[in-house]
Amino acid sequence: MAQPTDEQALAVEKFKTGRPLKITAFAGTGKTTTLIQMSRTRPSRGLYLAFNKAIAVEAKEKFPATVECRTIHSLAFGSVRRAYRSPDKLADTLYPQALAQSARKPLRDFGPNLRLNSIQQAHLLLATIKRFCQSMDPEIGTGHVPQIGRLQAEDGATLGEVRTWAVKAAKAIWQRMIDRNDELPMGHDGYLKLWTLQEPKLNAEYVLLDEAQDTNQVVLGLLQRQPCQIVYVGDRYQQIYEWRGAVNAMEQLVGCDEASLTQSFRFGAPIARAASLVLNMLGEKQTLRGNPDVDSSVVIESTPTRAILARTNAALIVELLGAVRSRKRPFIVGGTGELARLLTDAAELKKGNPSTAPELFGFRNWQEVADFADTEEGEGIRTFVQLVQQHDAHTLLNVVQNTHGDENTAHLILSTAHKAKGREWESVRLARDFAKAGADGKRAFNEAESRLFYVAMTRAKRYLAVDAEQLTHFTLEPGDGSTRKRLWKRVRQK
């Protein structure tokens with residue numbers, strides 16, 4: 001293992017005190033290497049918690065034998081499994097169609113304009129249970145009912161009626177999920193929640209939590225109840241999963257010693273400088289430093305790159321259409337299932353069949369979707385609606401389903417910024433949908449959008465292509481156009 005940097009060595013020294021430790025690790029700064037260095041200083045039993053199974057398996061080959069490398073779900077499954085006859089009860093996914101068939105709920109009206117069929121009701125109830133499972137709350141409440149799709153535009157009375165009904169119905173389903181004699185599965189979020197409600201104690205003298213910024217409340221609450229030392233390592237500016245229950249644990253944690261990793265090994269100085277400007281707008285005082293041994297550049301031209309990252313699925317489809325017209329073989333990171341489901345639901349709405357896709361939830365037909373897209377609340381699906389109007393959902397679905405299946409032999413890699421997290425490529429171009437104007441058409445600061453842009457731009461190792469207006473959107477105060485040329489000179493210098 002390479003000689004630790006001064007920052008890594010300081011973090012290891014703070015770990016030796018046995019106190020809780022929070023390590024801020026910017027993009028590409030060797031956080032896993034630092035955790036390995038820590039574990040080698042202590043012979044006692046440690047537990048490394050990874051974000052997913054693949055990372056845990058890879059970590060097992062790197063950490064000393066005294067450290068168990070797991071996911072939090074694998075720990076929960078192993079404990080809860082003993083109380084149930086079949087593992088399928090725990091691990092199987094309960095889909096809205098299956099719940100609707102089991103519950104047999106008729107059409108239900110809410111207020112004067114909202115009607116949900118059985119599958120839509122099931123979708124809303126499962127989403128409510130999911131949010132409850134990801135929280136520290138002991139019971140399901142109105143705050144767990146998501147305001148998705150058409151619910152964003154409903155008035156307070158209708159929304160209150162939906163929430164009251166959803167809480168009561170979701171509680172009944174949750175009781176069926178955890179009932180040992182009921183075949184209704186609880187799923188991965190369910191058995192994790194059930195385990196944490198039992199307030200278990202982890203069998204370790206210290207816990208290393210990787211990607212701490214993506215921890216949801218239920219896991220954070222479990223760790224904060226442990227009597228052992230906890231090390232939280234992550235980047236608060238890479239927290240991009242609010243929509244699925246993650247909280248910014250790096251900002252919430254108090255009473256911890258702190259350390260920082262600011263030396264990136266992934267990219268060179270120009271990309272580091274551009275990323276630091278975004279971090280500065282987010283309030284960060286420290287500077288992300290580039291790797292002097294990596295030759296990187298930031299350009300404004302839309303030149304060919306290995307990967308293209310987009311903010312939204314709609315922009316991803318636009319890039320996909322462009323790749324197909326250029327006779328390239330595009331590969332979509334994370335698979336095509338999400339896009340296919342969205343386009344399939346759009347086609348069904350055109351036939352008058354309701355959808356359960358979150359973006360299209362609650363609408364009775366395609367015209368309602370199109371009307372909603374013209375409102376301020378519907379801005380997020382406007383580009384998608386325009387694409388469907390222009391090309392037809394079935395045509396787009398055919399293009400999506402015929403993308404190349406092998407990333408290694410594809411001409412081009414396409415991904416949303418969310419799916420690209422944790423990945424890196426030699427060259428990256430950012431699509432033009434990251435920078436959004438406010439309701440008045442003017443540029444406005446948005447913290448969540450800035451974090452997503454930071455994640456996307458730091459996936460590049462040697463070459464980052466980004467639109468000039470887009471970069472200034474995230475790095476300059478509104479109206480600060482006089483410094484734009486100076487900005488580009490500063491970012492692009494070697």
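# A tour of two sheets, a pocket and two lone cysteines

Begin by selecting Cys256, which counts as buried because its relative accessibility is 17%, under the 20% limit. The model in your viewer is a predicted one, and the stops below move from the cysteines to the two sheets, then to a pocket and a pair of single residues.

**The cysteines**

Keep Cys256 selected and add Cys228, whose sulfur is the nearest cysteine sulfur to that of Cys256, at 13 Å, and note that Cys256 is in no disulfide. Next select Cys69, which is likewise buried, at 12% relative accessibility. What is the closest cysteine sulfur to that of Cys69? It belongs to Cys228 and lies 15 Å away, which is too far for a bond. With a disulfide taken as two cysteine sulfur atoms within 2.5 Å, the count for the model comes to zero.

**The sheet that begins with β3**

Now show the strands β3, β2, β6, β7, β1 and β8, which in that order make up an open sheet of six strands with parallel pairing. At its edges are β3 (67-71) and β8 (257-261), each of which pairs on one side only. Going from one strand to the next, the twist averages 20 degrees.

Within this sheet, select residues 21-25 and 229-234, the strands β1 and β7, which are joined in parallel by four bridges; for a single example, pick Ile23, whose bridge partner in β7 is Val233. Then bring in helix α3, which packs on the sheet and touches β2 (46-50) and β3, its direction making about 165 degrees with that of β3. Helix α4 (residues 72-80) also packs on the sheet and touches β2 and β3, but the direction of α4 makes about 90 degrees with that of β3.

While α3 is displayed, pick Lys53, which is found in that helix (residues 53-60). Is Lys53 buried or exposed? Its relative accessibility is 65%, so Lys53 counts as exposed. If you draw a distance from the C-alpha atom of Lys53 to that of Glu199, 146 residues away along the chain, it should read 23 Å.

**The sheet that begins with β9**

Turn next to the open sheet whose six strands run in the order β9-β14-β13-β10-β12-β11, again with parallel pairing. The edge positions are taken by β9 (297-299) and β11 (330-332), and because each has a single partner strand, one side of each is left without a neighbour in the sheet. The twist here averages 25 degrees from one strand to the next.

Start at the β9 edge, where three bridges join β9 to β14 in parallel, and select Ser297 together with its bridge partner in β14, Tyr463. Tyr463 also has Ser427 standing opposite, and from there you can follow the parallel pairing of β13 (residues 425-430) with β14 (residues 460-465), which extends over four bridges. Another pair to display between these strands is Arg429 and Ala465, the latter in β14.

Move on to β12, which is largely enclosed by the rest of the structure, since five of its five residues are buried. Leu412, Leu414 and Thr416 point one way from this strand, whereas Ile413 and Ser415 point the other way. Colour Ile413 and look to either partner strand: Ala307 stands opposite Ile413, and so does Phe331. The strands β10 and β12 run parallel and are joined by four bridges, while β11 and β12 pair in the parallel sense over three.

To finish this part, show helix α13 (residues 313-325), which lies across β10 (307-310), β11, β12 (412-416) and β13 and runs at about 165 degrees to β12.

**The second largest pocket**

For the next stop, select Lys31, Thr32, Glu211, Arg266 and Gly422, which of the 39 lining residues lie nearest the centre of the second largest pocket. The space in this pocket comes to about 1,000 Å³. Helices α2 (31-39) and α3 each supply at least two residues of its lining, and α2 gives the most, with five.

**A last buried residue**

End at Gln120, which is placed in helix α7 (residues 118-133) and is buried, with a relative accessible area of 2%. Which residues does Gln120 contact, leaving aside its neighbours within four places in sequence? Selecting Arg115, Pro354, Ser355, Thr356, Phe361, Gly362 and Phe363 will display these contacts of Gln120.

How values were computed: Residues are numbered from 1 along each chain as its sequence is written. This is a predicted model: local features need pLDDT of at least 70, side-chain atom pairs count only at pLDDT 80 or more; totals for chains, interfaces and linings use all residues. Side-chain values use heavy atoms; hydrogens and water are left out. Buried means under 20% relative accessible area, exposed over 50%, partly exposed in between (1.4 Å probe, protein chains only). Contact means heavy atoms within 4.5 Å. Two strands pair if DSSP finds at least two bridges between them. Axes are lines fitted to C-alpha atoms, for helices over the stretch in contact, and angles run from 0 to 180 degrees between N-to-C directions. On a 1 Å grid over the protein atoms alone, a cavity is a set of points where a 1.4 Å probe fits but cannot get out, and a pocket is an open set with protein on both sides within 12 Å along at least five of seven lines; lining residues have an atom within 4 Å of a point. Grid points are joined across faces, edges and corners, and a volume is the space filled by probe spheres set on the points.
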